[in-house]
There are 2 protein chains.
Amino acid sequence: MSASGLGEVRRPSARGDQLLFLTDEQLRQGIELMFFAYRDFTSDPDRILEDYAYGRAHHRAIHFINRRPGVTVAGLLDILGVTKQSLNRVLRQLIEDGLVTQEVGARDRRQRHLHLTEAGRDLERRLSEPQRARVRRAYSEAGPEAVSGFRKVLEQMIDERVRKEVLGLVGGGRGPEGEGSGGA
Amino acid sequence: MSASGLGEVRRPSARGDQLLFLTDEQLRQGIELMFFAYRDFTSDPDRILEDYAYGRAHHRAIHFINRRPGVTVAGLLDILGVTKQSLNRVLRQLIEDGLVTQEVGARDRRQRHLHLTEAGRDLERRLSEPQRARVRRAYSEAGPEAVSGFRKVLEQMIDERVRKEVLGLVGGGRGPEGEGSGGA
DNA sequence: GAGGTATGTCAACAACACTGACATAAACTG
DNA sequence: CAGTTTATGTCAGTGTTGTTGACATACCTC
């Protein structure tokens, strides 16, 4: 079972062995693993969202507003990579339902800085909790070294053009707000 | 495989360091990494699909029919986790367009065994090529040990109830066909 | 004031998922 | 054989999420 047993590169008897983890079969397995893992990974919040009238798009908006309080609409568009019309529909609902507030920018009053209300934070917690539990379980089963490799590969999977920016966002926590037009 | 062990998060002693990879911040970063990596990961085939009248659903069907030639409709439904109405729409197009053929089952003539035509295999290759290239690049940048960890974590991310079955499919290659009702 | 930017909104549309209902053919069961 | 279940296909309706395109308003910058 080569299920996950490609850690040690076997013996250097033939140098080709060192690249066995790059065979098409290995790559295909990685691709399918991504598919199935992501499928279950998103199923947790999806199930909760059903109780509300919300979908995945709402979850993503809530997640990143929680992550970057005060982010502007343009900044959020950048992160999510959707059109403003698409985001606006979602945002309008969340604001109507009292989960998100807008706040006119102090420096630039065209901008709307987005924040979660208490109710918004509640939902965010409710949504992210089972997902965190899943990742926590997977991490602790796999161990710290596996987690390190997991992150390394995922980081490399991100488009090189945006990698730096994305990793800054992921790792950066509450960084600068309102990334109006943050590059690519 | 017991130890869904996460009750013991964070010991007060110096051992705490060992569990630093399980902090909420680390978990949140993992979640976001999954989001961004998957986003770019699917962007390659998506771009190609635009040229055709197809979407992601077609890609998934093509991928798994290629992967398990002769799979039945029910088997495919199981793998994809969608309704038959949803799959049928996609399948009908692919058959009409000559990418997929149906074949009445020998043992059970109600069943339709699905295969890719030459054109179907062509498209499959065209779709999977950039994706494989992305994974190959990520793998080779991260190195074999990281890849091992990547796979370990992803495997643990899959629902425990279906993990065995899924990993059998992923690793098993051309296994038994027509998995009518494979359990979960 | 002109020009560009940030935001919001309307309308139309497409992809893809869902539920529910129904049809057909074949297999299984008593 | 009759009745039931299974595998598949199809029709109709609906919802979420994405897209373009067009347009309006408010505001910053020069």
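How many salt bridges does the rule count over all chains? The count over all chains comes to 32 salt bridges, a salt bridge being a side-chain nitrogen of Lys or Arg within 4 Å of a carboxyl oxygen of Asp or Glu. This is a predicted model, in which local features need pLDDT of at least 70 and side-chain atom pairs count only at pLDDT 80 or more, while totals for chains, interfaces and linings use all residues. Residues are numbered from 1 along each chain as its sequence is written, chains are lettered from A and ligands numbered from 1 in the order in which they are written, and side-chain values use heavy atoms, with hydrogens and water left out.

**Stop 1: the two protein copies**

Select chain A and chain B together, and superpose them by least squares on the C-alpha atoms of residues with pLDDT of at least 70 in both. Chain B then falls on chain A with an RMSD of 0.1 Å, after a turn of 180° and a shift of 0.0 Å along the axis. The two copies are therefore related as by a two-fold rotation axis. To find that axis from chain B, centre on Phe150(B), whose C-alpha is the nearest to it in that chain, at 1.8 Å.

**Stop 2: the interface between chain B and chain A**

Next, select the residues in contact (heavy atoms within 4.5 Å): 70 residues of chain B touch 68 residues of chain A. The copies meet through the same surface, because 94% of the interface residues of chain B are also interface residues in chain A.

The size of an interface is often given as the accessible area lost when the parts come together. Here the buried area, meaning the accessible area (1.4 Å probe) that two parts lose on being put together, summed over both, is about 7100 Å², and carbon and sulfur atoms give 69% of it. Within chain B, pick out Leu33(B), Arg151(B) and Met157(B), which lose the most area to chain A and together make up 10% of what that side buries.

Side chains of opposite charge can pair when their charged atoms come close. Across this interface the rule finds 8 salt bridges. Show Asp24(A) as sticks together with Arg136(B), since the two form a salt bridge whose closest N and O atoms are 3.4 Å apart. Asp24(A) also meets Arg132(B) in a salt bridge, at 3.6 Å from N to O. Asp24(A) lies in helix 1 (residues 24-51) of chain A and Arg132(B) in helix 6 of chain B, so this pair joins two chains; helices here are DSSP runs (H or I, at least four residues), numbered from the N terminus.

Polar contacts (pairs of N or O atoms within 3.5 Å; within protein, one must be able to donate a hydrogen and the other to accept it, and residues adjacent in sequence count only if both atoms are side-chain atoms) link 20 residue pairs between chain B and chain A, with both residues at pLDDT 80 or more. On the side of chain B that touches chain A, helix 1 of chain B gives the largest share, 18 residues.

**Stop 3: DNA strand D**

Now select DNA strand D and the residues near it (one heavy atom within 4 Å). Of the 27 residues around this strand, Gly55(A), Arg60(A), Lys84(B), Gln102(B) and Arg110(B) come nearest. Sugar and phosphate account for 56% of the atoms of DNA strand D that come within 4 Å of the protein.

Three places where phosphate oxygens of DNA strand D can be labelled follow.

- His58(A) has a polar side-chain atom 3.1 Å from a phosphate oxygen of DNA strand D.
- Thr83(A) places a polar backbone atom 2.7 Å from a phosphate oxygen of this strand.
- Arg112(B) has a polar backbone atom 3.4 Å from a phosphate oxygen of this strand.

**Stop 4: DNA strand C**

Finally, move to DNA strand C, where 27 residues lie around the strand and Lys84(A), Gln102(A), Arg110(A), Gly55(B) and Arg60(B) come nearest. Of the atoms of DNA strand C within 4 Å of the protein, 57% belong to sugar or phosphate, and the rest to bases.

An N or O atom in the side chain of Asn88(A) is 3.1 Å from a phosphate oxygen of DNA strand C, and one in the side chain of Ser86(B) is 3.4 Å from a sugar or linking oxygen. End on Arg89(B), where a polar side-chain atom lies 2.9 Å from a base nitrogen of DNA strand C.
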